[in-house]
Amino acid sequence: MRIGVDATCWANQRGYGRYARHIVGAMVEASPLDEFVCFLDELSAANFSLDQPNVRRVIVKTSAGAAAAASADGSRSLSDMFAMTRAVWRNRVDVFYSPSVYTYFPLPPGLPAIVTIHDAIADRFPELTLPSPRARFFWRAKNWLAHWQARSILTVSDYAAGEVSRQHGVTLSKIDVTLEGPAPAFRPIDQSKTNEVAARHGIPIGATWFIYVGGFNPHKHVVSIVAAHGELSKTLAGGGPRLLLVGNASSDVFHSEVNVIRAMIEKCGTESTVDWLGYVEDGELAALLSGAIALVLASESEGFGLPAIEAAACATPVIATTESPLPDLLRGGGLFVPPGDSTAIVAAMKLLLNDPQFRNKCGQTALEQAQKLSWEKSADICLAAIRKAAA
């Protein structure tokens with residue numbers, strides 16, 4: 001088959017881009033007899049990494065990159081979207097796959113298509129994710145179009161499937177679950193390498209830390225994590241463990257509350273023990289995860305929660321939200337708390353900090369659970385859905 005792919009989210013450093021890069025890459029490897037025609041704008045083309053013989057790039061000239069223009073309060077021009085539509089029509093693909101509704105554009109009428117809708121967070125909590133009525137209108141319009149054109153929907157967990165079904169009025173029979181998996185870089189890293197990486201990021205020798213990885217959006221409840229860390233620090237001599245915040249704090253295209261988080265850090269008096277690390281490459285991130293007491297992910301909701309799976313693949317326990325698939329995917333691999341519940345986060349932090357035997361047991365179980373997941377398995381499910389749509 002000739003499979004068209006919306007690769008315009010390739011440049012996104014968050015979960016949408018990560019998912020696209022990993023699942024499309026795994027499909028290309030798994031299906032060498034199919035041709036993958038990847039439609040890119042100039043921004044995504046500059047970050048595109050696939051060069052296998054069965055991959056063909058189609059670079060479409062647009063006024064802005066979709067990964068940036070489809071931001072929380074941005075919008076893509078109609079001319080840019082229809083330039084993508086024309087490119088798909090001219091290249092006569094057999095079926096089209098959109099790895100994320102985030103960068104969805106109208107497809108030629110009658111073209112068999114499937115789309116991944118990662119979660120229903122923006123639909124359930126628009127005030128936490130989409131800052132204006134205009135942004136919410138365009139989000140709803142984009143989702144309506146994707147549902148109308150797609151023959152089936154993919155999502156990333158059974159939890160997300162239930163949320164998408166309820167919020168979008170889609171029957172579960174139309175939804176396939178791919179799951180996700182840790183990249184090969186995420187594995188337990190030895191202490192010497194961890195110390196070396198930590199030192200490069202300005203973390204004092206001998207320090208211990210909790211870690212958060214992701215965006216700084218209101219629904220992620222990073223403010224609650226900071227408050228919990230501040231409360232913990234009050235009870236420990238020397239301030240206790242540090243808190244590492246990993247993610248883009250300056251130019252994220254999604255709705256951000258970095259200023260609110262900074263204000264909470266100042267209120268807690270923990271400026272000297274909270275480290276803003278920015279974006280960290282996978283190899284170094286694996287070392288920081290391996291050295292952490294736990295990864296903390298206290299979101300209002302997570303369709304999957306890939307940072308927690310990546311931490312688990314490094315044999316690191318998690319403190320994760322109950323509003324996610326993580327209590328099932330990582331059963332026994334950490335502690336699970338109500339979204340944004342600072343009191344519960346503090347209690348979980350204390351338990352993992354003060355009981356090394358329990359922490360190590362959780363870490364080993366987390367590793368075993370993470371090893372059951374892979375992008376190769378996800379790619380097989382995605383390919384089967386593509387073939388079914390094209391039949």
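# A tour starting at Ile-211

Select Ile-211. Leaving out residues up to four places away in sequence, Ile-211 touches Leu-243, Leu-244, Val-246, Leu-285, Leu-288, Leu-289, Ala-292, Ala-294, Leu-295 and Val-296. Contact here means heavy atoms within 4.5 Å.

The model is predicted: local features need pLDDT of at least 70 and side-chain atom pairs count only at pLDDT 80 or more, while totals for chains, interfaces and linings use all residues. Residues are numbered from 1 along each chain as its sequence is written, and side-chain values use heavy atoms, with hydrogens and water left out.

**The core**

Keep Ile-211 selected and add Leu-288. These two have the most contacts inside the largest nonpolar core, which has 131 residues. The largest share of this core, eight residues, comes from α1. A nonpolar core is a set of buried Ala, Val, Leu, Ile, Met, Phe, Trp, Tyr and Cys residues joined through side-chain atoms within 4.5 Å. Buried means under 20% relative accessible area, exposed means over 50%, and partly exposed lies in between (1.4 Å probe, protein chains only). Helices (H or I, at least four residues) and strands (E, at least two) are DSSP runs, numbered from the N terminus.

**Strand β8 and its partner**

Select 209-213, which is β8. How many of the five residues of β8 are buried? Five of the five are, and the strand is mostly covered. Trp-209, Ile-211 and Val-213 point one way from β8, while Phe-210 and Tyr-212 point the other way.

Next, add residues 242-246, strand β9, which pairs with β8 in the parallel sense over five bridges. Two strands pair if DSSP finds at least two bridges between them. Val-213 has Val-246 of β9 as its bridge partner.

Now add helix α10, residues 222-234; β8, α10 and β9 make a right-handed β-α-β unit. To check the hand, point the strands away from you: the crossover is right-handed if the path from the first strand over the helix to the second runs clockwise.

**Helix α9**

Select residues 191-200, helix α9. Which residues of α9 are buried? They are Thr-194, Val-197 and Ala-198. Looking down the axis of α9, these buried residues fall within an arc of 100 degrees, so they line one face of the helix. The arc is that of the directions from the helix axis to the C-beta atoms. What covers the buried residues includes β8 and α12 (282-290).

On the same helix, show the side chains of Arg-200 and Glu-196, which meet in a salt bridge (3.0 Å, N to O). A salt bridge is a side-chain nitrogen of Lys or Arg within 4 Å of a carboxyl oxygen of Asp or Glu. Arg-200 and Glu-196 are four residues apart in α9, so about one helical turn separates them. An α-helix has 3.6 residues a turn, so residues three or four places apart point the same way. Arg-200 is partly exposed at 47% relative accessible area, and Glu-196 is partly exposed at 40%.

Salt bridges that share partners join Arg-2, Glu-35 and Arg-56 into one network. After α9, stop at Gly-202, whose phi is positive, near 80 degrees.

**Other salt bridges**

The whole structure holds 13 salt bridges. Select Asp-34 and Arg-387, a salt-bridged pair whose closest N and O atoms are 2.8 Å apart. Asp-34 lies in the loop between α1 (15-30) and β2 (35-40) and Arg-387 in helix α17 (residues 375-390), so the pair ties together parts that are 353 residues apart in sequence. Is Asp-34 buried or exposed? Asp-34 is buried, at 7% relative accessible area, whereas Arg-387 is partly exposed at 36%.

Move on to Glu-35 and Arg-56, whose side chains form a salt bridge (3.1 Å, N to O). Glu-35 is in strand β2 and Arg-56 in strand β3 (residues 55-59), so-called distant parts of the chain, 21 residues apart. Glu-35 is partly exposed, at 23%, and Arg-56 is partly exposed too, at 28%.

**Last stops**

Select Ser-152, found in strand β6 (residues 152-155). Ser-152 is buried at 11% relative accessibility. Apart from neighbours within four places in sequence, Ser-152 is in contact with Ala-113, Ile-114, Val-115, Lys-174 and Asp-176.

Finish at Tyr-16 in helix α1. Tyr-16 counts as buried, with a relative accessibility of 17%. Draw a distance from Tyr-16 to Lys-267: C-alpha to C-alpha, they are 33 Å apart in space, and 251 residues apart in sequence.
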